[in-house]
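Me: I am new to this structure and would like to learn how to read it feature by feature. Could you take me through it slowly, with the general idea before each case?

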Amino acid sequence: MPVSAMDRRNGIPVLGLGTYPLRGGEAQSAIAMALDCGIRHIDTAQMYGNEADTGRAVVASGIARSELYVVTKVDPGNAGKDRFASSVARSMDDLGGPADLLLIHWPPPAADFDAALERLAKEKQKGMARAIGVSNFTAAMMRRAQVLTGGAIICNQVEFHPLLDQSGLLAEAGKLGIALTAYSPLARGRALKPAAVQEVARRVARAASEVVLRWIVQQGVVAIPMTTKRANALSNLRALDFELSGSDMALLSAIGTNQGRTINPTWMAGRWED
């Protein structure tokens, strides 16, 4: 059934704004535009270099902070013992207060994995974030993270779109009570091109981007597409006001393979199948 931008998965608004690679005035303008369109979920990260821009845009919007949902992520270089807490403190200063959701951006090295998750849980206990999660974690890593945090992980932010088969990860996340958030939900435009996507878009008289986003949220996955254009932001919101048939969902799901990644850094080689 149709949903709204404020419908939630584990407390996370189902459609937000991704901000990578925006910085400075461009980032602030995009966030202001998205908020004006009705989007209330903003995703940033230490790695993006735009947390302060996010904080400024949130204040300038005049919208009560309680009405917004701001997510940030700890940079891999800050995940160690000496930098974790201080980096989070800087992030919260830049954002103007606690994040709604704090994630570890990429899996820590195996030797520091347990300790990094314990550090993350401690930041929640200190009040630096209202909730905690992870990003780019495999099924095995999610299971371990839930054990280490006493089940406190509410989200795993991962690449998710029709070109990449993440069905196994989605099923495991559901068992663990973890919501998936889709970054790069349009695969930087690649997900709009398959014949199946175009066929469904014609049949339902919708933009291909709306079809892809609908396929994501209809599976219970949060989506955070990045855009600087009002027309695109409004189109993204229209992905929430219709429903795809079971056959159309299956047609789009059949596209994906385990080779469909857009984001695949060398340090993750051999870890995705964990």
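Reply: Let us start with how two helices are compared: axes are lines fitted to C-alpha atoms, for helices over the stretch in contact, and the angles run from 0 to 180 degrees between N-to-C directions. Please keep in mind throughout that this is a predicted model. With that in hand, take helix α4 (residues 113-125) and α5, whose axes come within 9 Å and cross at roughly 55°. Angles under 35 degrees count as roughly parallel, over 145 as roughly antiparallel and 65 to 115 as roughly perpendicular, with the rest oblique, and that makes α4 oblique to α5.

Me: Which residues in α4 and α5 meet, and how do the residues of that contact divide into nonpolar, polar and charged?

Reply: From α4 come Phe113, Asp114, Leu117 and Glu118, which meet Met141, Arg144, Ala145 and Leu148 in α5. Sorted by class, the residues of this contact are five nonpolar, no polar and three charged. As for the sense of the crossing, α4 passes α5 in a right-handed one.

Me: At what angle do helix α7 and helix α10 pack, and how far apart are their axes?

Reply: Helix α7 (residues 195-204) and helix α10 (residues 246-253) pack at an angle of about 160°, and their axes are 9 Å apart. An angle over 145 degrees counts as roughly antiparallel, and α7 and α10 are therefore roughly antiparallel to each other. Their crossing is left-handed. On the α7 side the contact is made by Ala196, Val197, Glu199, Val200, Arg203 and Val204, while α10 brings Asp248, Leu251 and Leu252. By class, this contact of α7 with α10 has six nonpolar, no polar and three charged residues.

Me: And what should I read from the packing of helix α1 and helix α9?

Reply: Helix α1 (residues 24-37) and helix α9 (residues 230-238) have axes 10 Å apart and pack at an angle of about 40°, and are therefore oblique to each other. The crossing of α1 and α9 is right-handed. Met33, Asp36 and Cys37 of α1 make the contact with Arg230, Ala233, Leu234 and Leu237 of α9, a set that divides into five nonpolar, no polar and two charged residues.

Me: Let us turn from helices to empty space: how much of it lies in the largest pocket, and which residues lie nearest its centre?

Reply: The general idea is that rolling a probe the size of a water molecule over the atoms shows where empty space is left. Here the largest pocket holds about 660 Å³ of space. Its lining is made of 29 residues, of which Tyr20, Tyr183, Ser184, Arg188 and Met226 lie nearest the centre. Among the elements, α9 gives the most to this lining, with three residues, and by class the lining of the largest pocket has 15 nonpolar, 12 polar and two charged residues.

Me: What lines the second largest pocket?

Reply: The second largest pocket, with about 270 Å³ of space, is lined by 16 residues, and the closest to its centre are Asp165, Gln166, Leu169, Arg261 and Trp272. Helix α6 (residues 167-176) supplies the largest share of this lining, three residues. The lining of the second largest pocket has six nonpolar, six polar and four charged residues.

Me: Finally, I would like to read the backbone: is the peptide bond from Tyr20 to Pro21 cis or trans, and where is Asn136 found?

Reply: For a peptide bond the angle to read is omega, and from Tyr20 to Pro21 the bond is cis, with omega near 5°. Pro21 lies in the loop between β3 (17-18) and α1, and Tyr20 is one of the residues nearest the centre of the largest pocket. Asn136 is found in the loop between β7 (132-135) and α5 (139-148), and the angle to read there is phi, which is near 65°, a positive value in a residue other than glycine.

Technical notes: Residues are numbered from 1 along each chain as its sequence is written. This is a predicted model: local features need pLDDT of at least 70, side-chain atom pairs count only at pLDDT 80 or more; totals for chains, interfaces and linings use all residues. Side-chain values use heavy atoms; hydrogens and water are left out. Helices (H or I, at least four residues) and strands (E, at least two) are DSSP runs, numbered from the N terminus. A crossing is left-handed if the near helix is turned anticlockwise from the far one by less than a right angle, and right-handed if clockwise. Contact means heavy atoms within 4.5 Å. Ala, Val, Leu, Ile, Met, Phe, Trp, Tyr, Cys and Pro count as nonpolar, Asp, Glu, Lys and Arg as charged, and the others, Gly among them, as polar. On a 1 Å grid over the protein atoms alone, a cavity is a set of points where a 1.4 Å probe fits but cannot get out, and a pocket is an open set with protein on both sides within 12 Å along at least five of seven lines; lining residues have an atom within 4 Å of a point. Grid points are joined across faces, edges and corners, and a volume is the space filled by probe spheres set on the points.
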